[in-house]
Amino acid sequence: MQGWLGFAFHIQTPEIDHPNVKIELDGNLFDNINEFYCAIGEAVNGPGGYFGRNFNALIDFFYGGFGVQSMAEVNWKNHDRSRKLLKRDFEIILEIFEERRVKVLLE
């Protein structure tokens with residue numbers, strides 16, 4: 001998975017920073033934190049979209065330059081599975097979204 005994240009980083013060419021992006025994440029589509037970064041990268045920037053590989057990248061994302069100017073909402077389907085697999089990382093992700101005033105819908 002780290003290899004894929006590196007590859008995605010090198011091919012990424014976000015053209016525009018979109019404001020107030022709303023994305024959907026499906027907890028059934030990733031099993032660990034690296035796969036989460038792949039999933040959110042593709043949710044934001046399309047197939048092969050790069051997002052980052054750590055919490056600092058997640059925080060940096062909110063300053064633009066990664067295909068979005070600001071994120072308004074995350075609809076996180078099957079979040080119970082993510083909570084179970086990601087454990088403390090899940091809570092940290094939610095804290096980061098909350099600090100940035102991103103509405104998170106947990107389904």
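In this predicted model, the buried residues of helix 5 pack against helix 2, helix 3, strand 2, helix 4 (79-86) and strand 3. That makes helix 5 a good place to start.

**Helix 5**

Helix 5 has twelve residues. From its first C-alpha to its last it reaches 17 Å, close to the 16 Å expected at 1.5 Å a residue. Which residues of helix 5 are buried? They are F90, I93, L94, I96 and F97. These residues are on the same side of helix 5 because they cover an arc of only 160° around the axis. An α-helix has 3.6 residues a turn, so residues three or four places apart point the same way. E98 and E99 lie on the other side of helix 5, and they are exposed. Just after the helix comes R101, with a positive phi of about 60°.

**The whole chain**

Now step back. The chain has five helices and three strands. Along the sequence they follow the pattern α-β-α-α-β-α-α-β. Of the 107 residues, 42% count as buried. Take the contacts with a separation of 6 or more: 69% of them are between residues 24 or more positions apart.

**The sheet**

The three strands form an open sheet. Their order is 1-2-3, and the pairing is parallel. Which strands are at the edges? Strand 1 and strand 3 (103-106) are the edge strands, and each pairs on one side only. Neighbouring strands are turned by 15° against each other on average, direction ignored.

Here are the two pairings.

| Strand pair | Sense | Bridges |
|---|---|---|
| Strand 1 and strand 2 | parallel | six bridges |
| Strand 2 and strand 3 | parallel | four bridges |

W76 shows how strand 2 links to its partners. L25 stands opposite W76 in strand 2. In strand 3, the bridge partner of W76 is L106. Helix 5 packs on this sheet, touching strand 2 and strand 3. The direction of helix 5 makes about 155° with that of strand 2. Helix 2 lies across strand 1 and strand 2. Helix 2 runs at about 140° to strand 1.

Look along strand 1 next. Its side chains alternate. V21, I23 and L25 point to one face and are buried. K22, E24 and D26 point to the other face and are not buried.

**The core**

How many residues does the largest nonpolar core have? It has 22 residues. Those with the most contacts inside this core are I23, F36, I40, M71, V74, W76 and F97. Several elements each supply at least two residues: strand 1 (21-26), helix 2 (33-45), helix 3 (55-61), strand 2 (71-77) and helix 5 (88-99). Helix 5 gives the largest share, five residues.

Two names in this core have come up before. I23 is one of the buried residues of strand 1. F97 is one of the buried residues of helix 5. Both are in contact with V74.

What else does V74 touch, leaving aside its neighbours within four places in sequence? Its contacts also include L25, V102, K103, V104 and L105.

**Putting it together**

Helix 5 packs on the sheet, and its buried residues also pack against helix 2, helix 3 and helix 4. Strand 2 pairs with strand 1 and with strand 3. The largest nonpolar core draws on strands and helices alike, including strand 1, strand 2, helix 2 and helix 5.

Definitions and conventions
Residues numbered from 1 in each chain as written. Predicted model: local features only at pLDDT ≥ 70, side-chain atom pairs only at ≥ 80, totals over all residues. Heavy atoms only, no water. Core = buried A, V, L, I, M, F, W, Y, C linked by side-chain atoms within 4.5 Å. Buried < 20%, exposed > 50% of the residue type's maximum accessible area, 1.4 Å probe, protein only. Contact = heavy atoms within 4.5 Å. Pairing = 2+ DSSP bridges. Axes fitted to C-alpha atoms, helices over the stretch in contact; angles between N-to-C directions. Expected span 1.5 Å × (residues − 1). Arc of directions from axis to C-beta.
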